[in-house]
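These are my notebook entries on a single chain, kept in the order in which I looked things up. I began with charged side chains and then turned to a helix and the strands.

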Amino acid sequence: MRFVYYNLNPRGIKENDCVTRAIALASDLPYEEIADKLWLTADLYNCDRLCKFCYSNFITNVLKYKEVNCDDMTVEEFANTHPYGTFLIRVPSHLTVIKNGVLYDIWDCRHELCDTVWKRVD
């Protein structure tokens, strides 16, 4: 698998927006639209938009992504065993995205352990 530096933040800055960046890239929806929907989801569940409970509900119940077993693999191991498709991958304190075996993010987290993985189902 390979890593590609990719910052979807519309201002091009590095900030604590990995959830918005990853979901926007994985869903092919505009960054601002995802940010707004995460705020609405946070209001609905009375939680922080960056808490796993909040964005997990958005990913599974709104986007209809399916959870995939990652068996404590690293991001790279998971990508190598799942070379096709779009996946949102949660690692400790971070959410990233893999599209067809390529990790797109602002930092290389290939060696981090997967916590939760969701697959885009079209």
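Entry 1, charged pairs. With which residue does Asp105 form a salt bridge, and how far apart are the closest N and O atoms? I note beforehand that this is a predicted model. The partner of Asp105 is Arg21, and the closest N and O atoms of this salt bridge are 3.2 Å apart. I then placed the two residues along the chain and found that the pair links distant parts of it, with Asp105 in strand β5 (residues 102-105) and Arg21 in helix α1 (residues 18-27), 84 residues apart.

I looked up Arg21 again, and it also forms a salt bridge with Asp17, where the closest N and O atoms are 2.7 Å apart. Are these residues buried or exposed? Asp17 has a relative accessible area of 4%, Arg21 has a relative accessibility of 6%, and Asp105 has one of 2%; each value is under 20%, so Asp17, Arg21 and Asp105 count as buried.

Entry 2, surroundings of Asp17. I located Asp17 in the loop between β1 and α1. Leaving aside residues up to four places away in sequence, I found that Asp17 touches Asn9 and Tyr31. Tyr31 is itself one of the buried residues of helix α2, to which I return below.

Entry 3, other salt bridges. How many salt bridges does the structure hold? The count is 9. Among them is the one in which the side chains of Asp108 and Arg110 meet, at 2.5 Å from N to O; here Asp108 is partly exposed, with a relative accessible area of 31%. I also recorded a network of salt bridges that links Asp28, Lys99, Arg120 and Asp122.

Entry 4, helix α2. I checked the length of helix α2 (residues 31-45) against its residue count: at 1.5 Å a residue, its 15 residues should span 21 Å, and the end C-alpha atoms are 21 Å apart, which agrees. Which residues of α2 are buried? I listed Tyr31, Ile34, Ala35, Leu38, Thr41 and Ala42. Seen down the axis of α2, these buried residues fall within an arc of 125 degrees, so they line one face of the helix. They pack against α1 and α3 (52-62), whereas the face turned away from the buried side carries the exposed residues Leu40, Asp43 and Leu44. After α2 comes Asn46, for which I noted a positive phi, near 55 degrees.

Entry 5, the strands beside β5. In which direction does β1 run relative to β5, parallel or antiparallel? Strand β1 (residues 2-5) and β5 run parallel and are joined by 4 bridges; within this pairing, Phe3 has Leu103 of β5 as its bridge partner. Strand β4 (residues 94-99), by contrast, runs antiparallel to β5, and 3 bridges join the two. For Val97 I found Tyr104 in β5 as the bridge partner. The hairpin of β4 and β5 has 2 residues between the strands, and in this hairpin Asn100 takes a positive phi near 45 degrees.

Entry 6, tying the entries together. Strand β5 thus appears in two of my look-ups: β5 is bridged to β1 and to β4, and it holds Asp105, whose salt bridge is with Arg21.

Definitions and conventions. Residues numbered from 1 in each chain as written. Predicted model: local features only at pLDDT ≥ 70, side-chain atom pairs only at ≥ 80, totals over all residues. Heavy atoms only, no water. Salt bridge = Lys/Arg side-chain N within 4 Å of Asp/Glu carboxyl O. Buried < 20%, exposed > 50% of the residue type's maximum accessible area, 1.4 Å probe, protein only. Expected span 1.5 Å × (residues − 1). Arc of directions from axis to C-beta. Contact = heavy atoms within 4.5 Å. Pairing = 2+ DSSP bridges.
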